[in-house]
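I set out to look up a few local features of this model and to place them in the overall fold. My entries follow in the order in which I made them.

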Amino acid sequence: MPTYIMLLAAPVVEAQTIDALFTQALLGFVFLAFTADQQQWNYHTAKHSYQSSAKVPPNTTFSAAQLDRGFRTTGLWALSRHPNFLAEQSVWVTLYLWSCWVTNTYWNWSGVGAAAYLILFQASTWFTELITERKYPDYKIYQKRVGKFVPKLWGEGVGEFEKETEKKGK
């Protein structure tokens, strides 16, 4: 929807430096989503291999304790519990903001689509977290230490979480 508004405004508005910045932001968020998804794929591939063979795969950087835990806490996942969701939501918010910039308005009807997308992600994230915290006991500690979408700027971080859970022998 936001791109439709930008398309309608295109004959009227010339490309500006800000358009390059919005483009770079979008590409950055797409790269962030790709990287987060790849990190998650690598972890789950290693975890499933470990579960079927009881041996840490030789081509992985994960420890047995990390694979036993059941969920990833390293890489982007040390900063955010859902870095891929953050990136995907940011793409839509950026597109919406770009459409507002192009049309020189603070609000346009495509905001409804962006808001609906954000609401959908909030609901699915709540459900995902509910399932995960029931399945993995250490997830509640991870939730306290790592922000859902945006990294926490204070308090104990995931590094202490790693040390604490590895001391317990998990």
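**Entry 1. The loop after H4.** I began with asparagine 104, which sits in the loop between helix H4 (83–103) and helix H5 (111–135). The model is a predicted one, and I read every value below with that in mind. I computed a phi near 60° for asparagine 104, a positive value in a residue other than glycine. This residue comes just after H4. Is asparagine 104 buried or exposed? Its relative accessible area is 72%, and the cut-off for exposed is over 50%, so asparagine 104 counts as exposed.

I then checked the helix that leads into this loop. H4 has 21 residues, and the distance from its first C-alpha to its last is 30 Å, close to the 30 Å expected at 1.5 Å a residue.

**Entry 2. The loop after H2.** I looked next at alanine 54, in the loop between helix H2 (17–53) and helix H3 (64–69). Alanine 54 also has a positive phi, near 65°, and is not a glycine. It takes this value just after H2. I noted a relative accessibility of 65% for alanine 54, which therefore counts as exposed.

**Entry 3. H2 itself.** I asked what span H2 should have at 1.5 Å a residue. For its 37 residues the expected span is 54 Å, and the end C-alpha atoms lie 54 Å apart, so the two values agree.

I listed the buried residues of H2 as Asp19, Phe22, Leu26, Ala33, Ala36, Gln39, Tyr43, Ala46, Lys47 and Tyr50. I recorded that the list includes the charged residues Asp19 and Lys47. Against which helices do the buried residues of H2 pack? I found H3 and H4.

I also looked up valine 30, which has its place in helix H2. Valine 30 has a relative accessible area of 49%; this is not over 50%, so the residue is classed as partly exposed. From valine 30 to glutamate 88 I counted 58 residues in sequence, while their C-alpha atoms are 7.3 Å apart in space.

**Entry 4. H5.** I repeated the span check on H5. Its 25 residues should cover 36 Å at 1.5 Å a residue, and the end C-alpha atoms are 36 Å apart, so H5 agrees with expectation. The buried residues here are Gly111, Gly113, Ala114, Phe121, Thr125, Glu129, Leu130 and Thr132. I found that they pack against H4 and H6.

**Entry 5. Two positions in H6.** I compared glutamine 143 with lysine 144. Glutamine 143 is in helix H6, and lysine 144 lies in helix H6 as well. Which of them is buried, and which is exposed? Glutamine 143 has a relative accessible area of 16%, which is under 20%, so it is buried. Lysine 144, at 66%, is exposed.

Leaving out residues up to four places away in sequence, I found that glutamine 143 touches Arg81, Glu129, Glu133 and Lys152. Of these, Glu129 is also among the buried residues of H5. Glutamine 143 and arginine 81 are 62 residues apart in sequence, with 7.5 Å between their C-alpha atoms. For lysine 144 I noted glycine 155, 11 residues away in sequence and 9.1 Å away from C-alpha to C-alpha.

**Entry 6. The largest pocket.** I computed a volume of about 310 Å³ for the largest pocket. It is lined by 18 residues, and those closest to its centre are Gln40, His44, Phe71, Thr128 and Thr132. H2, H4, H5 and helix H6 (139–145) are the elements that give two or more residues to the lining. H5 contributes the most, with 4 residues. By class, I sorted the lining into 7 nonpolar, 7 polar and 4 charged residues.

**Entry 7. The whole protein.** I closed with the totals. The protein has 7 helices and 0 strands, in the order α-α-α-α-α-α-α along the sequence. Of its 170 residues, 40% are buried. Among contacts with a separation of 6 or more, 68% join residues 24 or more positions apart. I put the accessible surface at about 10400 Å², with 66% of it belonging to carbon and sulfur atoms.

Key. Residues are numbered from 1 along each chain as its sequence is written. This is a predicted model: local features need pLDDT of at least 70, side-chain atom pairs count only at pLDDT 80 or more; totals for chains, interfaces and linings use all residues. Side-chain values use heavy atoms; hydrogens and water are left out. Buried means under 20% relative accessible area, exposed over 50%, partly exposed in between (1.4 Å probe, protein chains only). Contact means heavy atoms within 4.5 Å. Accessible areas come from the Shrake-Rupley method with a 1.4 Å probe; for residues, only the protein chains shown count as cover. The expected span of a helix is 1.5 Å times one less than its number of residues. On a 1 Å grid over the protein atoms alone, a cavity is a set of points where a 1.4 Å probe fits but cannot get out, and a pocket is an open set with protein on both sides within 12 Å along at least five of seven lines; lining residues have an atom within 4 Å of a point. Grid points are joined across faces, edges and corners, and a volume is the space filled by probe spheres set on the points.
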